[in-house]
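Trainee: Could you take me through one part of this model in some detail? I'd like to hear about the place where the two domains meet, along with whatever sits around it.

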Amino acid sequence: MPQTLTEKILSRAAGKDVSAGDVVEIKTDIVAFHDLTGYHVIEVMEKAGMEKVFDKNKIVIAFDHLAPPPDIRSAEIQGYIRKFVNKLNLPNFHDINFGILHEVLVEKYALPGQVIVAADSHTTTSGAVGAFAQGMGASDIAAAAITGKTWIVVPSSFKVELKGTPAKWITGKDVALKLLGDFKADYFNGMSIEVHVENPSAYPMDYRATTSNMGIEMNADALMFVPDSETKNYIKTMRGYEPQLVTPDQGAKYSDEYTIELNKLEPLVAAPYSVDNVKVVNEVEGTPVDQVYIGSCTNGRISDFEIAAKILKGKKVKARCIAIPASYEMFKKAMDLGYIETLVNAGCIVTYGTCGPCLGGHFGVAGPGETIVSTSSRNFRGRMGSNESKVYLSGPAVAAASALNGKITDPRGVEQ
Ligand SMILES: CC(C)[C@H](C(=O)O)[C@@H](O)C(=O)O
Ligand code: SF4
């Protein structure tokens, strides 16, 4: 029987043909965690008296949520994890000067056809390269780290087709918000979304990573892009080798299909307090904004900074603007290309590789009564700080244009 990408990956990982609804044990190719959940993962392993891993090379750890440590407890947690890493001599450990775990996975580790599990919900991000990537709780990740195996209920496969070339300022976030607005946040429960891109280079890896990242906000088990020439070029450029592509079979059966015409999309936002409270930016234009955040594992990549720099070049922001490339690699690129300089000259605060503001942790927590425009992933009440703050989620163009004017702004009206 012709297989979807999901069925193909999970059949290989299970060692037998699987179909939707099957409960199966599967092999994992990468098991990952970060500082905040890593602490619990290691605690579970210690309590079980099983401080060993199935394969040192397949464990990936990055410090991001508590990086750099905002308080003593965070520093203590990171110290505890460093000790574990040293004791087991784990090679793929990335300290506070590297990046947000999901970005690190996409840049350095994830490959088409892999099964990737990590102790963080936004693990779906690695679906950008065509890996079946899913977030799990700390105990499940501890078990996977020890055994190299996990169990799942095989999801059904839902096909999304992206047609054409994105309209001006339209990027990966708009596609994610389009799906969230049209289907609402619970619709994709028990499904794996497979995105087929008609014109691979028109929807580059940065956009794919953003869309896959938001897969968990759709409640999907995974959101994968069918690997294509863009996948190959990205991995070749970033890592110096060509990956093998795993693709769905011709004639594979999907539970449903949906097409998005990229040139017809308008810049979208998710208004407070839900990711699926989606509106065209014009509907909320003019709302006063206190702070803008451009960054996170959702939108902290080079194309996000390119767009922000285009909009802010030679100008000054009216709202406070915090900009954080998702990794050291992205920071260096943004620096080489002059985007950091442009943003700093425009009055933005720039640092790198922390989750900080995204989850109201540190480096720009939202105060009571404040309105934030953020390129991150979630906007439920209190997500970025005070319960009395409001968060509008958007792509980088709306965020930068809103920073510029101090109010929610349609980037299509901003002079360049
Ligand atoms: C802290 C962590 C468990 C959490 C997640 O799993 O997503 C965080 O990264 C988030 O984005 O809310
Ligand atoms: S940047 Fe935000 S969404 Fe991404 S892992 Fe960190 S806290 Fe979670």
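Mentor: Sure, let's start with Arg-383, which, leaving aside neighbours within four places in sequence, is in contact with Leu-359, Gly-360, Arg-378 and Val-391. Keep in mind that this is a predicted model. The protein averages a pLDDT of 98, and 100% of the residues score at least 70. On the model level you get ipTM 0.98 and pTM 0.98.

Back to Arg-383: you'll find this residue in the loop between β17 (371-374) and β18 (390-394). Despite being a charged residue by class, Arg-383 counts as buried because 21 C-beta neighbours sit inside 10 Å, and the cut-off for that label is 20 or more. His-362 is 21 residues away from Arg-383 in sequence, and their C-alpha atoms are 12 Å apart in space.

Leu-359, one of the contacts of Arg-383, is a good thread to pull, since that residue turns up around the ligands. Of the 13 residues around ligand 2, those that come nearest are Ser-296, Cys-297, Cys-355, Cys-358 and Leu-359. By class, that shell splits into five nonpolar, six polar and two charged residues. Where is ligand 2 relative to the domains? It lies between domain 1 (5-262) and domain 2 (268-410), because both of them give residues to its shell.

Leu-359 is also part of the surroundings of ligand 1, together with Leu-36, Thr-37, His-65, Asp-120, Ser-121, His-122 and Gly-135. The class count there is two nonpolar, five polar and one charged.

Now for the domain contact itself. The domain assignment gives domain 1 (5-262) and domain 2 (268-410), and their centres, taken over C-alpha atoms, are separated by 24 Å. In all, 31 residues of domain 1 are in contact with 30 residues of domain 2. On the domain 1 side, the elements that give two or more residues are α4 (101-109), α6 (172-183) and α7 (205-213). Of these, α6 gives the most, with six residues. By class, that side has 12 nonpolar, 10 polar and nine charged residues.

Since α6 gives the most there, have a look at the loops on either side. Trp-169 is in the loop between β8 (156-163) and α6, and its phi is near 70°, a positive value in a residue other than glycine. Trp-169 counts as buried, because it has 23 C-beta neighbours inside 10 Å. Lys-184 lies in the loop between α6 and β9 (191-197), and here too phi is positive in a residue other than glycine, near 75°. Lys-184, though, is partly exposed, with 16 other C-beta atoms within 10 Å. If you check backbone geometry before doing anything else with a model, put those two on your list, and add the cis peptide bonds. One runs from Ala-67 to Pro-68, with omega near -20°, and Pro-68 is in the loop between β3 and α3 (72-88). Another joins Pro-272 and Tyr-273, with omega about -5°; Tyr-273 is in the loop between β12 (268-270) and β13 (278-280).

Then there's the packing behind all this. The largest nonpolar core has 136 residues, and those with the most contacts inside it are Ile-141, Ala-308, Leu-343 and Ala-400. This core draws at least three residues from each of domain 1 and domain 2. Ala-308 touches Leu-343 and Ala-400, and also Ile-294, Ala-323 and Pro-396, not counting residues up to four places away in sequence. Ile-141 is one of the buried residues of helix α5 (residues 138-147), along with Ala-138, Ala-142, Ala-143, Ala-144 and Ala-145. The buried residues of α5 pack against β2 (30-34), α2 (35-47), β3 (59-62), β5 (115-118) and β7 (149-153). Right after α5 comes Gly-148, with a positive phi near 75°.

One last stop is Thr-231, in helix α8 (residues 229-239). Thr-231 is buried, with 25 other C-beta atoms within 10 Å. Its contacts, not counting residues up to four places away in sequence, are Pro-112, Val-129, Gly-130, Pro-243 and Leu-245. Val-129 is 102 residues from Thr-231 along the chain, yet their C-alpha atoms are separated by 5.8 Å.

Definitions and conventions. Residues numbered from 1 in each chain as written. Chains lettered and ligands numbered in written order. Predicted model: local features only at pLDDT ≥ 70, side-chain atom pairs only at ≥ 80, totals over all residues. Near = placed C-beta within 6 Å. Helix = DSSP H or I, 4+ residues; strand = E, 2+ residues; numbered from the N terminus. Buried ≥ 20, exposed ≤ 12 C-beta atoms within 10 Å, placed from the backbone. Contact = placed C-beta atoms within 7 Å. pLDDT = per-residue confidence, 0-100. Domains from an automatic or database assignment. Core = buried A, V, L, I, M, F, W, Y, C linked by C-beta atoms within 7 Å.
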